[in-house]
Amino acid sequence: WLTMNGVVMLLPHGYEGQGSEHSSGRMERFLQLCAEHNMQVCDVTTPANFFHLLRKQVKQPFRKPLIVFTPKKLLRHPKAVSSIKEMTKGSFQMVIEDNSIDKKKVNKVVLCTGNQPPVTLPGITDLKTTNDIYINPWNDKAVENIHPNQPVFIIGSGLTMVDTVISLVDQGFKNKIIVLSKHGAIPMAHPKVRVVAPHPEQAPPADLHIIYKNLKSQIRSAIDHTEWHEPVLEAVRPFTQKIWQEMPLEQKHRFLRHINHRWTKLRHRLPNEVHDLIQSMIDKGQIDIYAGKLSAVQYANQTLNVSFYNRAKDVTVQCEVQRIINCIGPEGDFEKVDNPLLQNMLRSGIIDKDPLSFGFNATGDGKIINRNGEIEENLFAIGSGLRGILWESTAIPEIRVQAHQLAERLLS
């Protein structure tokens, strides 16, 4: 971090059956390392694009690692050629369109929209992003140009908060970080010794009371025997989507009100070294974590006056900070997001919100359900846009399965 590095890695990827010695590159591993434009990951398919990519790496006014997946098949593929003009007159293309396809004949569309950034601070709707308030924590400028002697206020205590704190530390920030969330809990660490629990032969019944009772009992037993709860959650993970789809809507709302914060703390874990860093900052007093609710934000004397309710002491706390960063997570309500495509599709009725306003209304296999309740046979979604339908739909393992199954259906 904070070191400019122009290294170029040429890795043959492992998806073309060329043997183990030609399989050193795994795209998903490098994509999981991507954050805040820290590296470039490319899969080039023409000689001209490869040439312009390397030229750009040398000529651009900054240095970032370049990871290039270089399929060996393309070295001898008769169609993987470029003209002299493309080499001398062209430039690097982020995406090369398939000119052999008539766009007017495209009849199936897959929405891979990813997470949508939040649009407001929780409980305060009249504040927008400024130089001191960042509604979107993934904005590159959120952790830049911060005064070292003034506190930073973060809303939310989940994984996004952890990413933001690490970015602040990388910037050399050593002052107070105040973290406010509804329950004031940070994610737990992964176990240092992995323990595997046998998966149930069938999915548990989709009844919130039974599931909660069984999980609570099994987690306590696991902690007594292994000092860790993770195997219990990993064992039930293959059935989570099925359970969520069969659970009544009223129970889903109850889960979100009363249990979700516990599930999030147990389910979303941190690498041990990251958890140790955050915990040490808490122990040293550099991070103060409060359970409560934001009350008011006002400008005064080039600082921000923040008022929030401290649930533990049942008092209202006021503090002066230089910056507010909203880390409550992505926005799922498409009516609120600033995305022209989603807004236009929503207004026209092509898509509709799911009953929880977490994303698209869709079937369990990703077919979009429009405003009239009709299934769109040629419009699909995968990923975080299906969180309201599948619940577990944001992590790489689940998205990989969705993409594979959808690709099989589209090609069949």
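Among contacts in the protein between residues at least 6 apart in sequence, what percentage join residues at least 24 apart? In this predicted model, the share is 66%, where a contact means heavy atoms within 4.5 Å. The chain that makes these contacts folds into 13 helices and 13 strands. Of its 412 residues, 39% are buried, that is, they have under 20% relative accessible area. The protein as a whole exposes about 24,200 Å², and carbon and sulfur atoms supply 53% of that area.

Helix H2 offers a local view of how buried residues are covered. Spanning residues 47-59, H2 contains 13 residues and reaches 18 Å from its first C-alpha to its last, which is close to the 18 Å expected at 1.5 Å a residue. Within H2, the residues Ala48, Asn49, His52, Leu53 and Gln57 are buried, and their cover includes three strands, S1 (8-11), S2 (40-42) and S3 (66-69), together with helix H3 (84-89).

Further along the chain, attention can turn from covered residues to open space. The second largest pocket holds about 460 Å³ of space, and 21 residues line it, among which Tyr212, Leu215, Phe255, Ile259 and Trp263 lie nearest its centre. The elements that give two or more residues to this lining are the helices H5 (208-226), H6 (230-236), H7 (240-246) and H9 (260-267), and H5 provides the largest share, with 7 residues. Sorted by class, the lining of the second largest pocket consists of 16 nonpolar, 1 polar and 4 charged residues.

Note on methods. Residues are numbered from 1 along each chain as its sequence is written. This is a predicted model: local features need pLDDT of at least 70, side-chain atom pairs count only at pLDDT 80 or more; totals for chains, interfaces and linings use all residues. Side-chain values use heavy atoms; hydrogens and water are left out. Helices (H or I, at least four residues) and strands (E, at least two) are DSSP runs, numbered from the N terminus. The expected span of a helix is 1.5 Å times one less than its number of residues. Buried means under 20% relative accessible area, exposed over 50%, partly exposed in between (1.4 Å probe, protein chains only). Accessible areas come from the Shrake-Rupley method with a 1.4 Å probe; for residues, only the protein chains shown count as cover. On a 1 Å grid over the protein atoms alone, a cavity is a set of points where a 1.4 Å probe fits but cannot get out, and a pocket is an open set with protein on both sides within 12 Å along at least five of seven lines; lining residues have an atom within 4 Å of a point. Grid points are joined across faces, edges and corners, and a volume is the space filled by probe spheres set on the points. Ala, Val, Leu, Ile, Met, Phe, Trp, Tyr, Cys and Pro count as nonpolar, Asp, Glu, Lys and Arg as charged, and the others, Gly among them, as polar.
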